[in-house]
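Work through these exercises with the structure in view. Try each task before you read its solution.

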Amino acid sequence: MDRGQCMNEKESDGIVTTPGSAGWIRRPNPLRPLGRSWRRLRRRPAVMQVRTVLLVVAVIVGLIIWLTLAPSGTPGSPEGAGAAVLPVSASSTPAPTPVSQASTSTRGVTAKAINVVFPVISLSSVSGQFDISSDPEFAQQDNAIHVYVNQINHGGGINGRKINPIIVPFDPTNTTEQRALCKQWTEGNPPAFAVLDGIGAWVGDNQLCITQEGHTPMIGAWSTITQWTNLGSPYLWWTGADDAPVLAAVVDWGLSSGRLGHGKKVGVVVSDQASDQEALNDDLLPDLKKAGIAPEVETISADLGETSSTDSDATLAVERLKAAGIQSVIPLLPVNALEPYLGAETSQKFFPQLLLSDYQAGIDTALGLIPVPYEQALNGQEGVTTELLGMGGNPSKPESEGGYDPAVASCYATWHTTYPNPYKGATNDYIEEQGPIAEWCGVIRLFAQAATKAGKDLNRRTFVEGMASIKNFAGTLTPTWTFGPHKMYGPTSYTVVEVHNNVPPSSQCILAPNGKPQGTCWVVVQKSKPLPSG
């Protein structure tokens with residue numbers, strides 16, 4: 001199953017970490033692409049859903065390995081590129097640097113070329129092998145980069161300059177390697193003008209090494225809280241949504257649907273990760289307070305080395321929420337804490353309305369955890385997403401019937417011209433709506449648009465000024481990307497969807513590309529609405 005699957009509309013119910021010397025250390029998930037490939041397995045029939053549990057375990061094991069290897073350190077410090085320290089309080093976070101104050105360096109730009117780095121998870125690494133086994137399209141990333149770069153170069157390039165693609169494989173569990181690569185790109189040779197990450201593989205403090213330290217533009221798919229782009233400004237730009245507007249959308253939708261307010265007792269389950277605590281205190285709680293809602297907050301450990309603490313915290317959290325008569329719950333949990341929480345709900349037969357969202361990929365994760373093992377806890381639950389909703393499997397169908405949206409259709413047409421036959425492991429010549437090929441297509445075309453806007457005098461300042469001027473750009477990860485001087489993330493809208501188990505098969509789920517019923521899908525509950533400013 002892809003991430004956004006069903007286009008049939010229905011009425012909504014009712015009304016339409018560890019402590020560090022500088023603060024709390026947050027270790028972002030460098031194996032997030034594993035989760036992406038795992039979620040794509042949901043394209044398959046229900047009988048395949050049993051694999052989800054094993055895949056969740058694989059993701060968590062991978063994360064434990066990474067945590068074991070990752071050193072501690074401050075953002076951008078030599079001590080550890082993989083560890084990211086968030087300030088103890090939001091007030092200690094510097095304000096974003098205006099695009100007008102960006103460097104005018106032309107490092108990485110010559111009269112005829114622009115050096116652009118494309119970090120790609122090594123196919124020989126553990127995570128790379130997992131990606132390929134889960135989704136053969138991951139092995140096509142180098143080909144995809146060349147296809148879309150060549151399209152630009154063969155069309156005359158960018159104001160007379162050709163993109164020189166520097167594709168660099170890396171192991172996401174090797175933080176020393178990532179740090180060294182960052183320094184090579186931003187300080188060594190060949191000099192890089194920009195770094196593009198189409199699928200969200202270059203994450204966390206590695207983003208800040210490129211941008212905050214290296215003063216090098218980066219467009220990435222991995223996103224988190226606003227403090228990150230503040231620290232990386234004006235060089236860090238996201239194709240994914242900032243968490244602040246996502247949580248604001250959750251509150252807006254919760255109020256309009258009756259899940260929040262109207263006398264409902266509300267709970268929040270949040271991990272002890274620094275980023276989740278920041279999101280709770282700086283974004284969600286203020287939004288709820290404006291609506292006159294004082295939720296019961298329960299904290300669950302997300303320390304991957306202390307799974308027993310996570311399990312006991314989850315059990316206790318559910319006991320307290322159940323005893324308090326909580327009716328609606330907003331989860332701010334990574335997958336390794338969300339899964340035990342859902343397990344505790346199930347064992348205690350406590351099934352409140354969940355307000356799911358793109359935050360920590362909760363709405364994606366939910367689709368992968370039904371029908372096994374959390375059918376009762378998740379089936380029929382709703383949430384907000386900024387992601388594309390098409391089936392993404394048959395270019396001959398209109399978008400309203402699950403075909404490609406216009407941007408992905410264009411990416412497919414370009415790909416199919418170069419590769420008219422199915423790639424190894426594929427059953428047809430299609431590309432996934434939100435797969436690696438489409439995502440690389442989107443970020444490369446976005447870069448080209450900003451660089452074109454910069455004019456012939458291409459430097460870091462003119463490039464980020466170009467990024468800040470992009471409006472209503474057809475996206476591939478989300479329908480539309482709009483940026484601004486103070487808006488470093490692209491998504492502009494959200495949709496409310498329901499997590500649906502399609503067994504027995506129903507018309508609520510569009511048929512898969514092979515004509516067979518899908519095992520699970522998203523059903524559209526509420527059409528696209530503007531994403532709050534956050």
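**Exercise 1.** Decide for each face of strand β16 in this predicted model: covered or open?

*Solution.* Start with one side. Ser-493, Thr-495, Val-497, Val-499 and Asn-501 lie there, and they are all buried. Turn to the other side. Tyr-494, Val-496, Glu-498 and His-500 are all buried too. Both faces are therefore covered, since buried means under 20% relative accessible area. The count agrees: 9 of the 9 residues in β16 (residues 493–501) are buried.

**Exercise 2.** Find the strands that pair with β16, and trace the bridge partners of Val-497.

*Solution.* Take β13 (residues 382–385) to begin. It pairs with β16 in the antiparallel sense, over 4 bridges. Here Gly-383 has Val-497 as its bridge partner in β16. Next, take β17 (residues 520–530). This strand also runs antiparallel to β16, and 8 bridges join the two. In β17, Val-524 is the bridge partner of Val-497. Val-497 thus links to Gly-383 and to Val-524.

**Exercise 3.** Check the length of helix α11 against the expected span.

*Solution.* Count the residues: α11 (residues 335–347) has 13. At 1.5 Å a residue, the helix should span 18 Å. The expected span is 1.5 Å times one less than the number of residues. Now look at the end C-alpha atoms. They are 18 Å apart, so the two values agree. Then list what is buried in α11: Val-335, Asn-336, Ala-337, Leu-338, Pro-340, Tyr-341, Leu-342, Ala-344 and Glu-345. Just after the helix, Lys-349 takes a positive phi of about 50°.

**Exercise 4.** Explain why helix α6 counts as largely enclosed.

*Solution.* Count first. Of the 9 residues of α6 (residues 205–213), 7 are buried, so the rest of the structure largely encloses the helix. Name them next: Asp-205, Asn-206, Gln-207, Leu-208, Cys-209, Ile-210 and Thr-211. Then move past the helix. His-215 follows α6 and has a positive phi, near 50°.

**Exercise 5.** Describe the surroundings of Leu-332: is this residue buried or exposed, and which residues does it touch?

*Solution.* Locate Leu-332 in strand β11 (residues 328–332). Check its relative accessible area: 0%, so Leu-332 is buried. Now list contacts, leaving out residues up to four places away in sequence. Leu-332 touches Leu-247, Val-268, Val-269, Val-270, Ser-271, Asp-276, Leu-280, Leu-284 and Tyr-359. Finally, take a C-alpha distance. Gln-277 is 55 residues from Leu-332 along the chain, and their C-alpha atoms are separated by 8.8 Å.

How values were computed. Residues numbered from 1 in each chain as written. Predicted model: local features only at pLDDT ≥ 70, side-chain atom pairs only at ≥ 80, totals over all residues. Heavy atoms only, no water. Buried < 20%, exposed > 50% of the residue type's maximum accessible area, 1.4 Å probe, protein only. Contact = heavy atoms within 4.5 Å. Pairing = 2+ DSSP bridges.
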